[in-house]
Amino acid sequence: DGGARAPAGGGAAGGGVGPGLGGPFHAQAGAFADYASAIAQSKSLERAGFRAEIQPVTKGGRTLYAVRVGPFVSWTAANDQAGRLRARGISAVVVP
């Protein structure tokens with residue numbers, strides 16, 4: 001499978017976090033089982049003017065490739081960026 005955007009659940013690979021945690025934070029725009037899909041998402045974000053990076057994360061014994069924008073020092077800044085991504089039709093959550 002090509003992965004899913006903004007997977008549900010907690011942890012590094014997906015699910016939102018609240019403002020009570022310490023930073024840095026990222027706006028995550030997907031986590032993909034397939035590295036090529038992560039690269040495609042990253043390039044799409046960069047064409048839209050976002051600086052994206054790919055971070056491998058392990059969830060449930062599987063490696064996923066998280067596409068993230070950031071880092072941001074505060075949850076609020078990351079959440080604002082996630083809002084800008086969502087305004088462009090891109091699913092996004094805040095992750096540490």
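Is tyrosine 65 buried, partly exposed or exposed? Tyrosine 65 is partly exposed, because its relative accessible area is 22%. The cut-off for buried is under 20%. Keep this residue in mind; it returns in point 6. The points below describe a predicted model.

1. **Overall make-up.** The protein chain holds two helices and four strands. Follow the sequence and you meet them in the pattern β-α-β-β-α-β. The chain has 96 residues, and 38% of them count as buried. Its accessible surface is about 4800 Å². Carbon and sulfur atoms make up 53% of that surface. Now look at contacts between residues with a separation of 6 or more. Of these, 66% link residues 24 or more positions apart.

2. **The sheet.** What is the order of the strands in the sheet? The order is β2-β3-β1-β4. The sheet is open, and the pairing is antiparallel. β2 (52–59) and β4 stand at the edges with a single partner strand each, so each has one side without a neighbour in the sheet. Neighbouring strands are turned against each other by 45 degrees on average, direction ignored.

3. **Strand β1 and its partners.** Strand β1 covers residues 25–32. Five bridges pair it with strand β3 (residues 62–72), in the antiparallel sense. In this pairing, alanine 31 stands opposite alanine 66 of β3. Strand β4 (residues 93–95) also joins β1, through three bridges. These two strands run antiparallel as well. Here alanine 27 stands opposite valine 94 of β4.

4. **How covered is β1?** How many of the eight residues of β1 are buried? Eight of the eight are. Glutamine 28 is found in this strand. Glutamine 28 counts as buried because its relative accessible area is 0%. Its side chain has a polar contact with the side chain of arginine 68, at 2.8 Å. A general point helps when you look at any strand. In a regular strand, side chains alternate between the two faces of the sheet.

5. **Helix α2.** Which strands does helix α2 lie across? Helix α2 (residues 75–87) lies across β1, β3 and β4. The helix runs at about 45 degrees to β1.

6. **The aromatic pair.** A search of the whole structure finds one aromatic pair. The rings belong to tyrosine 35 and tyrosine 65. Their centres are 5.0 Å apart, and their planes stand at 75 degrees. Angles over 60 count as edge-to-face, so this pair is edge-to-face. Tyrosine 35 lies in helix α1 (residues 35–47), whereas tyrosine 65 lies in strand β3. The pair therefore ties together parts that are 30 residues apart in sequence.

7. **Exposure of the two tyrosines.** Tyrosine 35 has a relative accessible area of 42%, so tyrosine 35 is partly exposed. Tyrosine 65, at 22%, is partly exposed too. Compare glutamine 28 in β1, which is buried.

Conventions. Residues numbered from 1 in each chain as written. Predicted model: local features only at pLDDT ≥ 70, side-chain atom pairs only at ≥ 80, totals over all residues. Heavy atoms only, no water. Buried < 20%, exposed > 50% of the residue type's maximum accessible area, 1.4 Å probe, protein only. Pairing = 2+ DSSP bridges. Polar contact = N/O pair within 3.5 Å; in protein donor to acceptor, adjacent residues only side chain to side chain. Axes fitted to C-alpha atoms, helices over the stretch in contact; angles between N-to-C directions. Contact = heavy atoms within 4.5 Å. Areas by Shrake-Rupley, 256 points an atom, 1.4 Å probe, with all protein chains shown as cover. Phe/Tyr/Trp six-rings, centres within 6.5 Å; stacked < 30°, edge-to-face > 60°.
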